[in-house]
Amino acid sequence: IGSGRETRRAYGWNRAARMADAILEQNMRKIYLSLLFLLLAAMPAQAMEQNMGGHDMAHDQNAYSDRVYLSGMIAHHEGAVQMSEVLLAAPKKKQIIKAQKEEIEQMKAWLKDAGGLDQQAYDAMRHDMQNMMHMYTSQNPNVQFVQQMLPHHGMAVTMTVPVLVHSQKADLLKLGQEIIEAQAAEMHAFRTWLNDRGDHNI
């Protein structure tokens, strides 16, 4: 009987510990994202431009416009579609491409009210996406995809923080929040996966 009680007690403690760990991890993620928003929002415009490959997304270091952001982000999403088509197997490829294309269509619709496509911002991001396609190579297409997606997601976060600081469009603010949270979570998963493989090429 005593042994049964000890077993139940140990099980209870283990379960409580697992629940505490899960709550702690969830809170740490919220803290991490909050700090990320604050740090990037406080980053000088010149430093943000350098982190995005050196091109001027807004044609002016101090300017922000929904039009320029959406034009660049459409090209950014098209880059993700292209990487997925080249590197991923059918089931995962289909899921990612569907999600990206849905957001592309939504952003194109918003651009109609924002003055249409900013060709300079679009072309600059297309150029960055083409360069990113050749940044990392691996015989394992899954590894290559993850290696390319880490900087790709990082660029999306850097691009999107000014949306939360400056945009006056409620739908775009919501999309911006969703992009940053989703990209940060996936970056954590990608980096953890590469670390578990002992892959430190990025």
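**Group meeting: a walk through the helices**

Let me start with helix α3, residues 66–87, which has 22 residues and reaches 31 Å from its first C-alpha to its last, close to the 32 Å expected at 1.5 Å a residue. Please keep in mind throughout that this is a predicted model, and that the values I quote are computed from it.

Staying with α3 for a moment, this helix is mostly covered, with 17 of its 22 residues buried. Which helix packs with α3, and at what angle? It is helix α6, residues 141–166, and the two pack at an angle of about 170 degrees, with their axes 11 Å apart. Because angles over 145 degrees count as roughly antiparallel, α3 is described as roughly antiparallel to α6. If you would like to find this contact on the screen, the residues from α3 are Y69, G72, M73, H76, G79, A80, M83, S84 and L87, and those they meet on α6 include P141, F145, M149, H152, M155, M159 and V163. As a general reminder, an α-helix has 3.6 residues a turn, so residues three or four places apart point the same way.

S84, which we have just met in that contact, also gives us a way into the next part of the chain. K94 is ten residues from S84 in sequence, and the two are 8.5 Å apart in space, C-alpha to C-alpha. K94 itself lies in helix α4, residues 90–114. Is K94 buried or exposed? Its relative accessibility is 66%, and it therefore counts as exposed.

Now to helix α7, which covers residues 170–197. Its 28 residues should span 40 Å at 1.5 Å a residue, and the end C-alpha atoms are 41 Å apart, which agrees. Among the buried residues of α7 are L172, L175, I179, I180, F190 and L194, together with G176, Q183 and A184. The charged end of R197 sits over the ring of W193, 5.1 Å from the centre of that ring. Just after α7, G198 takes a positive phi of about 75 degrees. As for rings paired with other rings, a search of the whole structure finds zero aromatic pairs.

Let me finish with the protein as a whole. Its secondary structure comes to seven helices and zero strands, so that, from the N terminus on, the elements run α-α-α-α-α-α-α. Of the 202 residues in the protein, 37% are buried. Finally, if we take the contacts between residues at least 6 apart in sequence, 72% of them join residues at least 24 apart.

How values were computed
Residues numbered from 1 in each chain as written. Predicted model: local features only at pLDDT ≥ 70, side-chain atom pairs only at ≥ 80, totals over all residues. Heavy atoms only, no water. Phe/Tyr/Trp six-rings, centres within 6.5 Å; stacked < 30°, edge-to-face > 60°. Lys NZ or Arg CZ within 6 Å of the ring centre and 35° of its normal. Helix = DSSP H or I, 4+ residues; strand = E, 2+ residues; numbered from the N terminus. Expected span 1.5 Å × (residues − 1). Buried < 20%, exposed > 50% of the residue type's maximum accessible area, 1.4 Å probe, protein only. Axes fitted to C-alpha atoms, helices over the stretch in contact; angles between N-to-C directions. Parallel < 35°, antiparallel > 145°, perpendicular 65-115°, else oblique. Contact = heavy atoms within 4.5 Å.
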